[in-house]
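Here's a walk through one protein model, with a look at its empty spaces, its helix packing and a couple of backbone oddities. Have the structure open while you read.

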Amino acid sequence: MRILPLFLALSIPALATAQNSAQHDLSPAVARYVKYSTAKNTLWLEHVRVIDGTGAPPIEDATVILSDGKIAAILTPANRVFGCPDCLPALHLDLTGHTIFPGLVGMHDHMYYLTRPDLDITGASEPPPVVPQMSFSSPRLYLGAGVTTLRTTGSIEPYEDINLRRAIDEGRIPGPHIDVTGPYLEGPGAFALEMHELKDAADAKATVDFWADQGVTSFKAYMNITRAELKAAIDEAHKRGLKLTGHLCSVTYPEAVELGIDNLEHGFFVNTQLDPGKQPDICPRTSGTPTIAKMTPDTPEGKALIALLVQHHVAITSTLPVFQSDDPVRLHVQPRVLAAMSAPTREQYLTTRNLELQRAAENPTQAAARAQLLKNDMAMEHAFVAAGGLLLAGPDPTGDGGTLPGYGDQREIELLVDAGFTPLEAIKIGTLNGATYEGRADHIGTIAVGKNADLVVVTGDPSKNINDIENTELIFKDGVAFDSQKLLDSVKGRYGQY
Ligand SMILES: [Zn+2]
């Protein structure tokens, strides 16, 4: 049992001096989605189940008091208090039948969509792929589904992401807290025209410097970067106090670890160390598939890689939703996901999905091999955590597999349970682990006294049924409670359009 403050009057003045990021007044454009705010009331969440994000068992029938944007107290039935003389007028919410858990910290949460022009029913499209920014729909889907902090993990429109962050922080647009990742650090061969192609290591260093000056707070290396460029980018980012992750291909996982990378994206799917004919600094067409086809936690290579990652404190980001099409059994087409999409986006998604299912039916051997990739990756992610590795969670919403902002973050946590984690472990990966990586675990990531009131209210009990994380009612960000459904409804039919 944790130690709980008995006298709220003592704990609250100390909290009032703490930094409160909800200092800006909310504009009417944001206020219309707000149901309660600790700026007006002290909020008492009563008779609620608390999943605190540390992996500890839930506290049943708790009272959680939110004041001035912070979590002021967590009381069990045994030491419930009545009244708080110095507090703002209290508003009591009876949350019987509800659970709260920390706001999700989404670690692969892009702000764009990816379109394939003139996609036809055979799956053919014409170049170039176009990558429209979703500055309207994405932040609302993220926040509405319970993501209170995210990292963009690769930016297509870096100025737009930086300005979006400011607009949200100033209360002009609803959305989560954002760690803006710089533009993709990519070499020649970029899939999108929006990307700069690095010329050499000096260019990598200059690019990191320029965007750090503009205000990005992390970086991401991409598939065609060279080791020399990656090394220059990592060193420069670290000099600026920023972290660098990578969706790699030309550079293998062990090479990137030796170069000092902080984080690797897409679980173990994009490691090319065992791809046949892998040339240094070149991304093979197979882009990691032969490696994950062979690699399990029991193989010498799998064991050695996990040990290397843990020893060098390199985090891994699990992005299972974007790979769920590898196993058609796991693909579930949720009505709410289809409803969020614009009509052309829905058509593109259903066309692609239909082709996937058709291919799987026509070639069951190949389909089984693809499903095995997902199994191997899940086993590697589970073993990585068991060995002490820091696993992060994010959906990688780019349109693939019906993976959407927010809904995809929830799906990621559900798929972690499929991978063998308990619901409480999966929630910890989606909350505290991200906060830890971001260096913000003092303020966010768990439900604890003194932390920011960033938390999700759902009906049901996700500690027993993980799918209950989808039943979002209120999303608290810095003590401001947003109406989840109202936010989600406001973008119906818009994702993919703007
Ligand atoms: Zn991505």
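## Empty space and packed helices

Searching the whole structure turns up three cavities of 30 Å³ or more. Keep in mind that this is a predicted model.

**The largest cavity**

The largest cavity holds about 130 Å³ of space. It has 16 lining residues, and Gln324, His332, Val337, Gly402 and Arg411 are the ones closest to its centre. Two elements give two or more residues to that lining: helix H10 (335-340) and helix H13 (407-418). H13 has the largest share, with three residues. By residue class, the lining of the largest cavity splits into seven nonpolar, seven polar and two charged.

**The largest pocket**

Now for the open space. In general, rolling a probe the size of a water molecule over the atoms shows where empty space is left. Here, the largest pocket contains about 930 Å³ of space. Its lining counts 35 residues, and nearest the centre you'll find Tyr222, Met223, His247, Phe323 and Asp400. Helix H8 (289-294) and helix H12 (364-386) each put at least two residues into the lining of the largest pocket. What is that lining made of, in terms of nonpolar, polar and charged residues? For the largest pocket, the split is 14 nonpolar, twelve polar and nine charged.

**How the helices pack**

H12 is worth following from the pocket into the helix packing, where it turns up again. Two packed helices are described by the angle between their axes and the distance between the axes. Here are three pairs side by side:

| Helix pair | Angle between axes | Axis distance |
|---|---|---|
| H4 (158-169) and H5 (201-214) | about 25° | 11 Å |
| H9 (300-311) and H12 | roughly 45° | within 10 Å |
| H11 (343-362) and H12 | roughly 115° | within 5 Å |

Take H4 and H5, which pack at an angle of about 25°. That angle makes H4 roughly parallel to H5. The crossing of H4 past H5 is right-handed. On the H4 side the contact uses Pro158, Tyr159 and Ile162, and on the H5 side Phe210, Trp211 and Gln214. Sorted by class, the residues of the H4 contact with H5 come out as five nonpolar, one polar and no charged.

Next, H9 and H12 cross at roughly 45°. H9 and H12 are therefore oblique to each other. H9 goes past H12 in a right-handed crossing as well. Gly302, Ile306, Leu309 and Val310 from H9 make the contact with Met380, Ala383 and Phe384 from H12. There are six nonpolar residues in the contact of H9 with H12, plus one polar and no charged.

Then there's H11 with H12, whose axes come within 5 Å. Which residues of the two helices meet? From H11 it's Glu356, Ala360, Ala361 and Glu362, and from H12 it's Pro364, Ala367 and Arg370. The contact of H11 with H12 has four nonpolar residues, no polar and three charged.

**Zooming in on Ala367**

Ala367 sits in helix H12. Setting aside neighbours within four places in sequence, Ala367 touches Asp326 and Ala360. The Ala360 partner belongs to H11, and both residues take part in the meeting of H11 with H12. For a longer view, Ala367 and Ser287 are 80 residues apart in sequence, and their C-alpha atoms are 18 Å apart in space.

**Two backbone oddities**

Most residues other than glycine have a negative phi, and most peptide bonds are trans. Ser287 goes the other way on phi, with a positive value of about 40° although it isn't a glycine. Where is Ser287 found? Look in the loop between strand E12 (263-264) and H8. H8, in turn, is one of the helices that supply at least two residues to the lining of the largest pocket.

The other oddity is a peptide bond: Pro127 and Pro128 are joined in cis, with omega about -5°. Pro128 is in the loop that runs between strand E7 (104-106) and helix H3 (137-144).

Note on methods. Residues numbered from 1 in each chain as written. Predicted model: local features only at pLDDT ≥ 70, side-chain atom pairs only at ≥ 80, totals over all residues. Heavy atoms only, no water. Axes fitted to C-alpha atoms, helices over the stretch in contact; angles between N-to-C directions. Helix = DSSP H or I, 4+ residues; strand = E, 2+ residues; numbered from the N terminus. Parallel < 35°, antiparallel > 145°, perpendicular 65-115°, else oblique. Left-handed = near helix turned anticlockwise from the far one by under 90°. Contact = heavy atoms within 4.5 Å. Nonpolar A, V, L, I, M, F, W, Y, C, P; charged D, E, K, R; others polar. 1 Å grid on protein atoms, 1.4 Å probe; cavity = no way out; pocket = protein on both sides within 12 Å on 5 of 7 lines; lining within 4 Å. Points joined across faces, edges and corners; volume = space filled by probe spheres on them.
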